[in-house]
Amino acid sequence: MAVDWLKMRLDLDAFDGSVFDSLGRRCARAGIELTTMAALGDSPESRRSLYELNKACSADIPNRGEFFSFEEYVAQRIETPSYDPEGVVLALDGGAWVGMSAATIRPEGFAFNEMTGVLRPYRGRGLSLTMKVLAVEYAREKGVRWMRTFLHPDNSPVIAMNRRLGYVEEDPESPTA
Ligand SMILES: CC(C)(COP(=O)(O)OP(=O)(O)OC[C@H]1O[C@@H](n2cnc3c(N)ncnc32)[C@H](O)[C@@H]1OP(=O)(O)O)[C@@H](O)C(=O)NCCC(=O)NCCS
């Protein structure tokens, strides 16, 4: 059955990421390193690690079904015109990849949140909020105003997380670039 995705957006002109600074400091104190795919190097090894992380986190998306093979993932999520390793924020613990938040800039002139995910043992510590604030910084540097996302309507943790950041449901009456 087709899913009626919840479409949300964030106004980057109004967003104040400084209110989440303390969460970033908490992650740093816990030894979590925040980086990007670009900084680590968009190598075959990095792509494999990204795939494994995305696959593990996606297992908790309602009705996600079977995940891509590695080859499908590279073709559909990496070797695409909008993929940018600068927009893939990563959280590492002692070299282990434990969280990701990927954003792309779409030709229509807005940023799109692709996948955000945190491995189960690392959840509930503000990691996804911290990574999404960095994704917002990436989008702002690219000069866009709006950040959009599509969420499964039964995925209450991610809906709550986006609301916490200030995302609101799309208003079809007021389209924005
Ligand atoms: C959604 C997900 C990324 C949240 O990651 P996280 O690092 O645990 O989230 P945070 O600790 O940053 O929490 C941020 C806010 O999200 C909300 N939240 C997170 N987990 C929640 C849960 N299980 N139930 C309700 N709200 C939740 C809360 O509002 C929380 O803020 P608060 O703790 O101050 O109340 C994580 O649960 C996950 O990886 N899920 C599986 C993958 C997925 O569904 N990704 C989204 C695909 S679009």
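Buried means under 20% relative accessible area, exposed means over 50%, and partly exposed covers what lies in between. With those words in hand, let us walk through this structure, which is a predicted model.

**Salt bridges**

The structure holds 12 salt bridges. Side chains of opposite charge can pair when their charged atoms come close. Three of these pairs are set out below.

| Salt bridge | N to O distance |
|---|---|
| Arginine 145 and aspartate 11 | 2.7 Å |
| Glutamate 79 and arginine 47 | 3.3 Å |
| Glutamate 169 and arginine 163 | 3.4 Å |

Start with the pair of arginine 145 and aspartate 11, whose side chains meet at 2.7 Å. Arginine 145 sits in the loop between H5 and E6, while aspartate 11 belongs to strand E1 (residues 6–11), so this pair ties together parts that are 134 residues apart in sequence. How accessible are the two partners? Arginine 145 has 38% relative accessibility and therefore counts as partly exposed, whereas aspartate 11, at 18%, counts as buried.

Next come glutamate 79 and arginine 47, joined by a salt bridge of 3.3 Å, N to O. This pair also links distant parts of the chain: glutamate 79 is in the loop between H4 and strand E3 (88–93), arginine 47 is in helix H3, and the two are 32 residues apart. Glutamate 79 counts as exposed because its relative accessibility is 57%. Arginine 47, with a relative accessible area of 17%, is buried.

In the third pair, the side chains of glutamate 169 and arginine 163 meet at 3.4 Å, N to O. Glutamate 169 has a relative accessibility of 44%, so this residue counts as partly exposed. Arginine 163 is partly exposed too, with a relative accessible area of 42%. Beyond these pairs, salt bridges with shared partners bring Arg9, Arg148 and Glu170 together in one network.

**Strand E6 and a nonpolar patch**

That network leads us to strand E6, where arginine 148 is found. Is arginine 148 buried or exposed? Its relative accessibility is 10%, so arginine 148 counts as buried. The side chain of arginine 148 is joined to that of glutamate 170 by a polar contact of 2.4 Å.

Phenylalanine 150 also has its place in strand E6 (residues 146–151). At 41% relative accessibility, phenylalanine 150 counts as partly exposed. Together with Val3 and Trp5, Phe150 makes a nonpolar surface patch of about 270 Å².

**Helix H3 and the loop after it**

Helix H3, home to arginine 47, also contains tyrosine 51. With a relative accessibility of 5%, tyrosine 51 counts as buried. Tyrosine 51 and valine 74 are 23 residues apart in sequence, and their C-alpha atoms are 8.2 Å apart in space.

Asparagine 63 lies in the loop between helix H3 (44–58) and helix H4 (70–78). What stands out in its backbone is a positive phi of about 55°, although asparagine 63 is not a glycine. With a relative accessible area of 66%, asparagine 63 is exposed.

**Around the ligand**

Finally, we turn to the ligand. Which residues come nearest to the ligand? Of the 21 residues around the ligand, these are Thr116, Gly124, Gly126, Asn155 and Arg164.

Several polar backbone atoms face ligand atoms. Threonine 116 offers one that is 2.7 Å from a nitrogen atom of the ligand. Glycine 126 has a polar backbone atom 2.8 Å from a ligand oxygen, and for leucine 129 the distance from a polar backbone atom to a ligand oxygen is 3.2 Å. Taken alone, the ligand exposes 930 Å², and the protein buries 72% of that.

Where does the shell come from? Strand E5 (111–118), helix H5 (127–141) and helix H6 (156–165) each supply at least two of its residues. H6 gives the largest share, with five residues. By residue type, the shell around the ligand divides into 11 nonpolar, six polar and four charged residues.

Definitions and conventions:
Residues numbered from 1 in each chain as written. Predicted model: local features only at pLDDT ≥ 70, side-chain atom pairs only at ≥ 80, totals over all residues. Heavy atoms only, no water. Near = heavy atom within 4 Å. Polar contact = N/O pair within 3.5 Å; in protein donor to acceptor, adjacent residues only side chain to side chain. Areas by Shrake-Rupley, 256 points an atom, 1.4 Å probe, with all protein chains shown as cover. Helix = DSSP H or I, 4+ residues; strand = E, 2+ residues; numbered from the N terminus. Nonpolar A, V, L, I, M, F, W, Y, C, P; charged D, E, K, R; others polar. Patch = residues over 30% accessible without salt bridge, like charges linked within 9 Å, V, L, I, M, F, W, Y side chains within 5 Å. Salt bridge = Lys/Arg side-chain N within 4 Å of Asp/Glu carboxyl O. Buried < 20%, exposed > 50% of the residue type's maximum accessible area, 1.4 Å probe, protein only.
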